[in-house]
Amino acid sequence: KGKCPEDGWDESTIELFLHELAIMDSNNFLGNCGVGEREGRVVSGLVARRHYRLIHGIGRSGDISAVQPKAAGSSLLNKLTNLVVLDIIKLAGVRTVANCFVVPMATGMSLTLCFLTLRHKRPKAKYIIWPRIDQKSCFKSMITAGFEPVVIENALEGDELRTDLEAVEAKIKALGAENILCVHSTTSCFAPRVPDRLEELAVICANYGIPHIVNNAYGVQSSKCMHLIQQGARVGRIDAFVQSLDKNFMVPVGGAIIAGFNESFIQEISKMYPGRASASPSLDVLITLLSLGTSGYKKLLKERKEMFSYLSSELKKLADSHNERLLDTPHNPISLAMSLKNLDESNDAAVTQLGSMLFTRQVSGARVVPCGSVQTVNNYTFKGFMSHANDYPCAYLNAASAIGIKKQDVDVFLKRLDKCLKTFRKEAKQEKSINEVSDSNAASERLED
(Lines give C-alpha, C1' and ligand atoms only; values in the text may rest on other atoms or scores of the structure.)
Protein backbone atom coordinates (compact mmCIF):
# COMPACT_ATOMS: atom_id res chain seq x y z
CA LYS A 1 0.00 0.00 0.00
CA GLY A 2 3.03 2.27 0.14
CA LYS A 3 2.39 3.22 3.77
CA CYS A 4 4.34 2.77 6.98
CA PRO A 5 2.93 -0.23 8.92
CA GLU A 6 1.06 0.69 12.08
CA ASP A 7 2.97 -1.80 14.22
CA GLY A 8 6.74 -2.14 13.85
CA TRP A 9 8.34 -5.29 12.42
CA ASP A 10 10.87 -7.36 14.35
CA GLU A 11 14.49 -7.36 13.17
CA SER A 12 14.42 -10.83 11.61
CA THR A 13 11.40 -9.89 9.45
CA ILE A 14 13.12 -6.70 8.30
CA GLU A 15 16.31 -8.61 7.44
CA LEU A 16 14.33 -11.22 5.49
CA PHE A 17 12.63 -8.41 3.55
CA LEU A 18 15.97 -6.74 2.74
CA HIS A 19 17.52 -10.05 1.61
CA GLU A 20 14.53 -10.59 -0.69
CA LEU A 21 15.12 -7.14 -2.21
CA ALA A 22 18.86 -7.79 -2.57
CA ILE A 23 18.46 -11.01 -4.59
CA MET A 24 16.51 -8.97 -7.17
CA ASP A 25 19.70 -7.01 -8.02
CA SER A 26 21.78 -8.42 -10.89
CA ASN A 27 25.07 -8.43 -8.94
CA ASN A 28 23.54 -11.08 -6.66
CA PHE A 29 22.28 -13.38 -9.46
CA LEU A 30 23.97 -16.80 -9.36
CA GLY A 31 24.86 -16.86 -13.06
CA ASN A 32 25.52 -13.12 -13.48
CA CYS A 33 28.24 -12.12 -15.95
CA GLY A 34 29.17 -8.44 -15.61
CA VAL A 35 31.29 -6.77 -18.28
CA GLY A 36 30.61 -3.11 -17.49
CA GLU A 37 32.49 -0.62 -15.33
CA ARG A 38 29.82 -0.55 -12.60
CA GLU A 39 28.63 -4.04 -11.85
CA GLY A 40 28.12 -3.93 -8.09
CA ARG A 41 31.41 -5.65 -7.35
CA VAL A 42 32.44 -5.45 -3.69
CA VAL A 43 35.73 -7.00 -2.58
CA SER A 44 35.04 -6.96 1.16
CA GLY A 45 32.45 -9.33 2.56
CA LEU A 46 32.09 -7.05 5.59
CA VAL A 47 31.16 -4.11 3.36
CA ALA A 48 28.69 -6.27 1.40
CA ARG A 49 26.99 -7.43 4.62
CA ARG A 50 26.92 -3.87 6.01
CA HIS A 51 24.81 -2.87 2.99
CA TYR A 52 22.75 -6.10 2.88
CA ARG A 53 24.33 -6.67 -0.57
CA LEU A 54 22.32 -3.73 -1.96
CA ILE A 55 25.31 -2.33 -3.83
CA HIS A 56 23.91 -0.56 -6.91
CA GLY A 57 22.65 2.56 -5.13
CA ILE A 58 19.53 4.37 -6.31
CA GLY A 59 18.47 6.17 -9.48
CA ARG A 60 20.12 6.47 -12.86
CA SER A 61 22.52 9.06 -14.26
CA GLY A 62 19.67 11.37 -15.26
CA ASP A 63 17.29 11.06 -12.32
CA ILE A 64 17.78 10.03 -8.69
CA SER A 65 14.22 8.65 -8.59
CA ALA A 66 14.43 6.61 -11.81
CA VAL A 67 14.26 2.81 -11.86
CA GLN A 68 17.55 0.97 -12.64
CA PRO A 69 16.76 -2.21 -14.69
CA LYS A 70 19.68 -4.25 -13.36
CA ALA A 71 18.92 -3.20 -9.76
CA ALA A 72 15.22 -4.00 -9.38
CA GLY A 73 15.55 -4.60 -5.62
CA SER A 74 17.38 -1.33 -4.94
CA SER A 75 14.90 0.54 -7.15
CA LEU A 76 11.98 -0.99 -5.25
CA LEU A 77 13.65 -0.06 -1.95
CA ASN A 78 13.95 3.54 -3.16
CA LYS A 79 10.31 3.76 -4.26
CA LEU A 80 9.03 2.20 -1.03
CA THR A 81 11.21 4.44 1.16
CA ASN A 82 9.90 7.59 -0.52
CA LEU A 83 6.29 6.40 -0.08
CA VAL A 84 6.78 5.45 3.57
CA VAL A 85 8.48 8.79 4.33
CA LEU A 86 5.64 10.64 2.55
CA ASP A 87 3.17 8.80 4.80
CA ILE A 88 5.11 9.86 7.91
CA ILE A 89 5.25 13.52 6.80
CA LYS A 90 1.46 13.45 6.46
CA LEU A 91 1.15 11.78 9.87
CA ALA A 92 3.38 14.49 11.39
CA GLY A 93 1.03 17.25 10.23
CA VAL A 94 1.55 18.24 6.58
CA ARG A 95 -1.54 16.47 5.25
CA THR A 96 -1.56 17.91 1.72
CA VAL A 97 2.09 17.20 0.82
CA ALA A 98 2.09 15.85 -2.75
CA ASN A 99 5.52 14.30 -3.20
CA CYS A 100 8.90 13.78 -1.54
CA PHE A 101 12.15 11.92 -2.01
CA VAL A 102 15.12 10.96 0.13
CA VAL A 103 18.39 12.48 -1.06
CA PRO A 104 21.82 11.25 0.17
CA MET A 105 22.98 14.71 1.23
CA ALA A 106 22.50 16.59 4.48
CA THR A 107 20.14 19.58 4.73
CA GLY A 108 22.53 22.29 3.47
CA MET A 109 23.39 20.60 0.17
CA SER A 110 19.75 19.57 -0.30
CA LEU A 111 18.75 23.24 -0.04
CA THR A 112 21.44 24.03 -2.64
CA LEU A 113 19.84 21.48 -4.99
CA CYS A 114 16.48 23.27 -4.59
CA PHE A 115 18.04 26.66 -5.41
CA LEU A 116 19.83 25.28 -8.47
CA THR A 117 16.53 23.85 -9.76
CA LEU A 118 14.85 27.26 -9.37
CA ARG A 119 17.68 28.88 -11.36
CA HIS A 120 16.28 27.35 -14.60
CA LYS A 121 12.86 28.82 -13.85
CA ARG A 122 14.18 32.29 -12.93
CA PRO A 123 17.36 32.89 -14.98
CA LYS A 124 17.53 36.63 -14.19
CA ALA A 125 17.30 36.16 -10.42
CA LYS A 126 20.46 36.62 -8.34
CA TYR A 127 19.17 37.32 -4.80
CA ILE A 128 17.71 35.12 -2.07
CA ILE A 129 15.74 36.81 0.72
CA TRP A 130 16.83 35.20 3.99
CA PRO A 131 15.48 36.08 7.46
CA ARG A 132 18.64 35.74 9.53
CA ILE A 133 19.43 32.53 11.40
CA ASP A 134 22.98 32.07 12.66
CA GLN A 135 23.67 28.60 11.33
CA LYS A 136 26.39 28.26 8.72
CA SER A 137 25.14 25.44 6.49
CA CYS A 138 21.86 27.12 5.49
CA PHE A 139 23.76 30.35 4.74
CA LYS A 140 26.43 28.54 2.73
CA SER A 141 23.77 26.61 0.79
CA MET A 142 22.87 29.87 -0.97
CA ILE A 143 26.49 30.87 -1.59
CA THR A 144 27.36 27.42 -2.98
CA ALA A 145 24.44 27.66 -5.41
CA GLY A 146 25.88 30.95 -6.69
CA PHE A 147 23.33 33.38 -5.27
CA GLU A 148 23.62 36.50 -3.14
CA PRO A 149 21.90 36.20 0.25
CA VAL A 150 19.96 39.28 1.33
CA VAL A 151 20.00 39.11 5.12
CA ILE A 152 16.85 40.36 6.86
CA GLU A 153 17.52 41.15 10.51
CA ASN A 154 14.99 39.77 12.99
CA ALA A 155 12.66 41.94 15.07
CA LEU A 156 12.94 41.68 18.87
CA GLU A 157 9.49 41.11 20.44
CA GLY A 158 9.87 40.60 24.18
CA ASP A 159 12.58 37.95 24.43
CA GLU A 160 11.78 36.46 21.02
CA LEU A 161 13.44 37.17 17.68
CA ARG A 162 10.74 37.10 14.99
CA THR A 163 10.45 37.65 11.24
CA ASP A 164 10.46 41.32 10.22
CA LEU A 165 7.75 41.10 7.56
CA GLU A 166 7.88 44.80 6.68
CA ALA A 167 11.61 44.55 6.02
CA VAL A 168 11.07 41.49 3.79
CA GLU A 169 8.42 43.24 1.69
CA ALA A 170 10.43 46.46 1.48
CA LYS A 171 13.48 44.55 0.22
CA ILE A 172 11.37 42.73 -2.42
CA LYS A 173 10.12 46.12 -3.70
CA ALA A 174 13.62 47.60 -3.66
CA LEU A 175 15.27 44.71 -5.56
CA GLY A 176 12.37 43.85 -7.86
CA ALA A 177 10.51 40.52 -7.65
CA GLU A 178 11.98 39.27 -10.95
CA ASN A 179 15.51 39.58 -9.51
CA ILE A 180 14.74 37.43 -6.46
CA LEU A 181 15.16 33.67 -6.77
CA CYS A 182 13.14 32.86 -3.65
CA VAL A 183 12.47 33.55 0.00
CA HIS A 184 14.46 31.10 2.17
CA SER A 185 12.69 30.75 5.52
CA THR A 186 13.29 28.60 8.60
CA THR A 187 11.09 26.66 11.03
CA SER A 188 13.26 24.77 13.55
CA CYS A 189 15.86 27.01 15.17
CA PHE A 190 17.70 27.84 18.40
CA ALA A 191 15.83 30.01 20.91
CA PRO A 192 15.39 32.94 21.38
CA ARG A 193 14.87 32.95 17.60
CA VAL A 194 11.53 31.34 16.83
CA PRO A 195 10.14 29.81 13.61
CA ASP A 196 9.56 32.32 10.84
CA ARG A 197 6.07 33.69 10.24
CA LEU A 198 5.49 31.15 7.50
CA GLU A 199 1.86 31.97 6.74
CA GLU A 200 2.58 35.66 6.21
CA LEU A 201 5.74 34.94 4.19
CA ALA A 202 3.81 32.46 2.04
CA VAL A 203 1.18 35.12 1.31
CA ILE A 204 3.89 37.67 0.39
CA CYS A 205 5.52 35.11 -1.95
CA ALA A 206 2.17 34.35 -3.60
CA ASN A 207 1.39 38.05 -4.05
CA TYR A 208 4.75 38.84 -5.68
CA GLY A 209 5.09 35.54 -7.59
CA ILE A 210 8.28 34.57 -5.77
CA PRO A 211 9.16 30.92 -4.91
CA HIS A 212 9.42 29.96 -1.25
CA ILE A 213 11.84 27.32 0.11
CA VAL A 214 11.58 26.31 3.78
CA ASN A 215 14.48 24.97 5.85
CA ASN A 216 12.63 22.54 8.13
CA ALA A 217 15.85 20.89 9.39
CA TYR A 218 14.52 19.22 12.56
CA GLY A 219 10.90 20.34 12.26
CA VAL A 220 9.24 16.99 11.44
CA GLN A 221 9.32 16.11 15.15
CA SER A 222 7.36 19.28 16.01
CA SER A 223 3.62 19.45 15.31
CA LYS A 224 3.87 23.25 15.52
CA CYS A 225 6.53 23.48 12.78
CA MET A 226 4.60 21.07 10.55
CA HIS A 227 1.37 23.01 11.15
CA LEU A 228 3.11 26.23 10.04
CA ILE A 229 4.15 24.55 6.77
CA GLN A 230 0.64 23.17 6.20
CA GLN A 231 -0.96 26.56 6.87
CA GLY A 232 1.59 28.40 4.73
CA ALA A 233 0.80 26.15 1.77
CA ARG A 234 -2.95 26.59 2.38
CA VAL A 235 -2.99 30.39 2.42
CA GLY A 236 0.00 31.20 0.20
CA ARG A 237 3.02 29.69 -1.52
CA ILE A 238 5.55 27.09 -0.35
CA ASP A 239 7.43 25.37 -3.18
CA ALA A 240 9.57 22.92 -1.18
CA PHE A 241 10.54 22.16 2.41
CA VAL A 242 13.71 20.30 3.39
CA GLN A 243 14.30 18.20 6.53
CA SER A 244 17.17 16.17 7.91
CA LEU A 245 17.00 12.40 8.33
CA ASP A 246 19.33 12.15 11.32
CA LYS A 247 17.62 14.85 13.40
CA ASN A 248 14.07 13.62 12.82
CA PHE A 249 14.48 9.84 12.53
CA MET A 250 17.61 9.08 14.58
CA VAL A 251 19.71 7.59 11.76
CA PRO A 252 23.35 8.39 10.81
CA VAL A 253 24.10 11.81 9.30
CA GLY A 254 24.07 12.02 5.51
CA GLY A 255 20.50 12.19 4.26
CA ALA A 256 17.57 14.59 3.90
CA ILE A 257 14.01 14.66 2.59
CA ILE A 258 12.93 17.19 -0.04
CA ALA A 259 9.15 17.53 -0.06
CA GLY A 260 6.57 19.82 -1.61
CA PHE A 261 2.99 20.46 -2.70
CA ASN A 262 3.59 20.41 -6.45
CA GLU A 263 4.52 16.92 -7.62
CA SER A 264 6.12 18.05 -10.88
CA PHE A 265 8.43 20.56 -9.14
CA ILE A 266 9.70 17.92 -6.70
CA GLN A 267 10.34 15.64 -9.70
CA GLU A 268 12.33 18.48 -11.33
CA ILE A 269 14.54 18.69 -8.24
CA SER A 270 15.16 14.92 -8.29
CA LYS A 271 16.17 15.15 -11.97
CA MET A 272 18.63 17.93 -11.14
CA TYR A 273 20.71 15.54 -8.99
CA PRO A 274 23.66 14.44 -11.17
CA GLY A 275 24.30 10.71 -11.41
CA ARG A 276 23.30 7.80 -9.22
CA ALA A 277 23.23 8.08 -5.46
CA SER A 278 24.04 6.10 -2.33
CA ALA A 279 21.19 3.96 -1.05
CA SER A 280 22.48 4.05 2.55
CA PRO A 281 20.29 6.94 3.83
CA SER A 282 17.20 5.38 2.22
CA LEU A 283 18.06 1.99 3.70
CA ASP A 284 18.65 3.47 7.18
CA VAL A 285 15.37 5.38 7.32
CA LEU A 286 13.33 2.50 5.88
CA ILE A 287 14.74 0.04 8.44
CA THR A 288 14.04 2.57 11.22
CA LEU A 289 10.45 3.29 10.20
CA LEU A 290 9.66 -0.41 9.63
CA SER A 291 10.98 -1.20 13.13
CA LEU A 292 8.99 1.66 14.73
CA GLY A 293 5.78 1.58 12.73
CA THR A 294 3.46 4.60 12.87
CA SER A 295 2.52 3.76 16.48
CA GLY A 296 6.19 3.76 17.53
CA TYR A 297 6.94 7.06 15.79
CA LYS A 298 3.82 8.70 17.28
CA LYS A 299 4.98 7.54 20.71
CA LEU A 300 8.39 9.17 20.19
CA LEU A 301 6.71 12.45 19.13
CA LYS A 302 4.48 12.37 22.24
CA GLU A 303 7.44 11.67 24.54
CA ARG A 304 9.41 14.54 23.00
CA LYS A 305 6.59 16.98 23.75
CA GLU A 306 6.36 15.75 27.33
CA MET A 307 10.12 16.11 27.78
CA PHE A 308 9.95 19.68 26.41
CA SER A 309 7.47 20.62 29.14
CA TYR A 310 9.61 18.90 31.77
CA LEU A 311 12.85 20.53 30.57
CA SER A 312 11.14 23.93 30.47
CA SER A 313 9.79 23.74 34.03
CA GLU A 314 12.99 22.32 35.54
CA LEU A 315 15.28 24.76 33.70
CA LYS A 316 13.12 27.64 34.93
CA LYS A 317 13.56 26.47 38.54
CA LEU A 318 17.32 26.21 38.05
CA ALA A 319 17.48 29.66 36.45
CA ASP A 320 15.53 31.21 39.35
CA SER A 321 17.87 29.60 41.89
CA HIS A 322 20.86 31.29 40.22
CA ASN A 323 19.16 34.69 39.82
CA GLU A 324 18.80 34.10 36.07
CA ARG A 325 15.66 33.55 34.05
CA LEU A 326 14.30 31.22 31.40
CA LEU A 327 13.74 33.44 28.37
CA ASP A 328 10.10 33.70 27.33
CA THR A 329 10.00 32.08 23.86
CA PRO A 330 6.53 30.46 23.57
CA HIS A 331 6.70 30.25 19.76
CA ASN A 332 9.73 27.93 19.81
CA PRO A 333 8.52 24.33 20.36
CA ILE A 334 11.93 22.59 20.58
CA SER A 335 14.66 24.91 21.89
CA LEU A 336 14.89 26.85 25.18
CA ALA A 337 17.25 29.59 26.37
CA MET A 338 18.37 30.60 29.87
CA SER A 339 19.96 34.00 30.49
CA LEU A 340 23.58 34.22 31.70
CA LYS A 341 23.58 37.89 32.75
CA ASN A 342 25.41 37.33 36.03
CA LEU A 343 28.23 35.45 34.31
CA ASP A 344 28.47 37.99 31.51
CA GLU A 345 28.71 40.92 33.91
CA SER A 346 31.30 39.31 36.17
CA ASN A 347 33.76 38.12 33.55
CA ASP A 348 33.88 38.43 29.75
CA ALA A 349 35.37 34.95 29.37
CA ALA A 350 33.06 33.27 31.88
CA VAL A 351 30.26 32.61 29.36
CA THR A 352 32.44 30.70 26.90
CA GLN A 353 34.21 29.01 29.83
CA LEU A 354 30.84 27.63 30.95
CA GLY A 355 30.42 26.01 27.54
CA SER A 356 33.83 24.35 27.88
CA MET A 357 33.02 23.13 31.38
CA LEU A 358 29.79 21.52 30.23
CA PHE A 359 31.49 19.83 27.28
CA THR A 360 34.27 18.37 29.44
CA ARG A 361 31.54 17.06 31.76
CA GLN A 362 30.01 15.15 28.82
CA VAL A 363 27.10 17.52 28.20
CA SER A 364 26.69 17.69 24.43
CA GLY A 365 24.35 19.88 22.41
CA ALA A 366 24.08 22.76 24.89
CA ARG A 367 25.06 26.05 23.20
CA VAL A 368 26.51 28.91 25.22
CA VAL A 369 26.08 32.23 23.39
CA PRO A 370 28.09 35.29 24.51
CA CYS A 371 27.20 38.86 23.58
CA GLY A 372 28.87 40.70 20.74
CA SER A 373 30.84 37.94 19.01
CA VAL A 374 31.69 38.74 15.38
CA GLN A 375 32.19 36.13 12.67
CA THR A 376 32.80 36.28 8.94
CA VAL A 377 31.23 33.58 6.76
CA ASN A 378 32.06 33.65 3.04
CA ASN A 379 32.98 37.36 3.22
CA TYR A 380 29.74 38.26 5.05
CA THR A 381 30.32 39.65 8.54
CA PHE A 382 27.75 38.85 11.22
CA LYS A 383 27.74 40.90 14.40
CA GLY A 384 26.47 39.01 17.45
CA PHE A 385 26.96 35.73 15.60
CA MET A 386 25.11 32.72 17.10
CA SER A 387 22.49 34.99 18.70
CA HIS A 388 20.63 35.69 15.38
CA ALA A 389 20.80 39.44 16.07
CA ASN A 390 23.35 42.26 16.08
CA ASP A 391 22.72 43.22 19.72
CA TYR A 392 20.74 40.68 21.69
CA PRO A 393 20.23 42.02 25.26
CA CYS A 394 21.98 39.20 27.15
CA ALA A 395 24.23 36.17 26.93
CA TYR A 396 22.39 32.87 27.23
CA LEU A 397 22.56 29.08 27.17
CA ASN A 398 20.51 26.86 24.82
CA ALA A 399 19.08 23.42 25.50
CA ALA A 400 16.70 21.50 23.27
CA SER A 401 14.13 18.77 23.72
CA ALA A 402 14.65 16.76 20.53
CA ILE A 403 13.22 13.39 19.53
CA GLY A 404 14.69 10.51 21.54
CA ILE A 405 15.59 12.61 24.60
CA LYS A 406 15.00 10.86 27.95
CA LYS A 407 14.17 12.15 31.44
CA GLN A 408 17.60 10.94 32.55
CA ASP A 409 19.25 13.21 29.94
CA VAL A 410 17.38 16.22 31.33
CA ASP A 411 18.11 15.38 34.97
CA VAL A 412 21.84 14.78 34.43
CA PHE A 413 22.15 17.97 32.34
CA LEU A 414 20.47 20.10 35.01
CA LYS A 415 22.59 18.56 37.78
CA ARG A 416 25.84 19.26 35.92
CA LEU A 417 24.77 22.76 34.86
CA ASP A 418 23.84 23.58 38.47
CA LYS A 419 27.25 22.39 39.66
CA CYS A 420 29.07 24.50 37.04
CA LEU A 421 27.10 27.63 37.91
CA LYS A 422 27.76 27.11 41.64
CA THR A 423 31.49 26.86 40.87
CA PHE A 424 31.34 30.23 39.11
CA ARG A 425 29.44 31.83 42.01
CA LYS A 426 31.97 30.51 44.50
CA GLU A 427 34.88 31.84 42.44
CA ALA A 428 33.12 35.20 42.04
CA LYS A 429 32.66 35.48 45.83
CA GLN A 430 36.31 34.64 46.46
CA GLU A 431 37.41 37.22 43.88
CA LYS A 432 35.11 39.82 45.47
CA SER A 433 36.57 39.09 48.93
CA ILE A 434 40.13 39.41 47.59
CA ASN A 435 39.24 42.73 45.92
CA GLU A 436 37.62 44.02 49.12
CA VAL A 437 40.72 43.09 51.15
CA SER A 438 42.95 44.77 48.54
CA ASP A 439 40.80 47.91 48.61
CA SER A 440 40.89 47.92 52.41
CA ASN A 441 44.69 47.55 52.50
CA ALA A 442 45.09 50.30 49.91
CA ALA A 443 42.86 52.60 51.98
CA SER A 444 44.92 51.88 55.12
CA GLU A 445 48.13 52.65 53.31
CA ARG A 446 46.75 55.98 52.12
CA LEU A 447 45.73 56.91 55.70
CA GLU A 448 49.21 56.04 57.01
CA ASP A 449 50.78 58.20 54.29
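**Helix α5, the two domains and the pocket between them**

In this predicted model, helix α5 is followed by G146, a residue whose phi is positive, near 95 degrees. Within α5, the residues C138, F139, S141 and M142 are buried. Viewed down the helix axis, the buried residues of α5 fall within an arc of 150 degrees, and therefore they line one face of the helix.

Helix α5 also takes part in a feature that involves both domains of the chain. The protein chain is divided into domain 1 (11-18 + 57-292) and domain 2 (297-435). Their C-alpha centres lie 29 Å apart, and the contact takes 39 residues from domain 1 and 40 residues from domain 2.

The largest pocket holds about 960 Å³ of space. Its lining comprises 42 residues, of which F190, S364, G365, A400 and A402 are the closest to the centre of the pocket. Elements that give two or more residues to this lining are α4 (107-121), α5 (136-144), α9 (245-249), β14 (396-400) and α14 (407-448). Among the contributors, α14 gives the most, with five residues.

Where does the largest pocket lie with respect to domain 1 and domain 2? Because domain 1 (11-18 + 57-292) and domain 2 (297-435) both give residues to its lining, the largest pocket lies between them.

The chemical character of the lining may be considered last. The residues that line the largest pocket divide into 23 nonpolar, 14 polar and five charged.

Note on methods:
Residues are numbered from 1 along each chain as its sequence is written. This is a predicted model: local features need pLDDT of at least 70, side-chain atom pairs count only at pLDDT 80 or more; totals for chains, interfaces and linings use all residues. Side-chain values use heavy atoms; hydrogens and water are left out. On a 1 Å grid over the protein atoms alone, a cavity is a set of points where a 1.4 Å probe fits but cannot get out, and a pocket is an open set with protein on both sides within 12 Å along at least five of seven lines; lining residues have an atom within 4 Å of a point. Grid points are joined across faces, edges and corners, and a volume is the space filled by probe spheres set on the points. Helices (H or I, at least four residues) and strands (E, at least two) are DSSP runs, numbered from the N terminus. Ala, Val, Leu, Ile, Met, Phe, Trp, Tyr, Cys and Pro count as nonpolar, Asp, Glu, Lys and Arg as charged, and the others, Gly among them, as polar. Domain bounds come from an automatic or database domain assignment. Buried means under 20% relative accessible area, exposed over 50%, partly exposed in between (1.4 Å probe, protein chains only). The arc is that of the directions from the helix axis to the C-beta atoms. Contact means heavy atoms within 4.5 Å.
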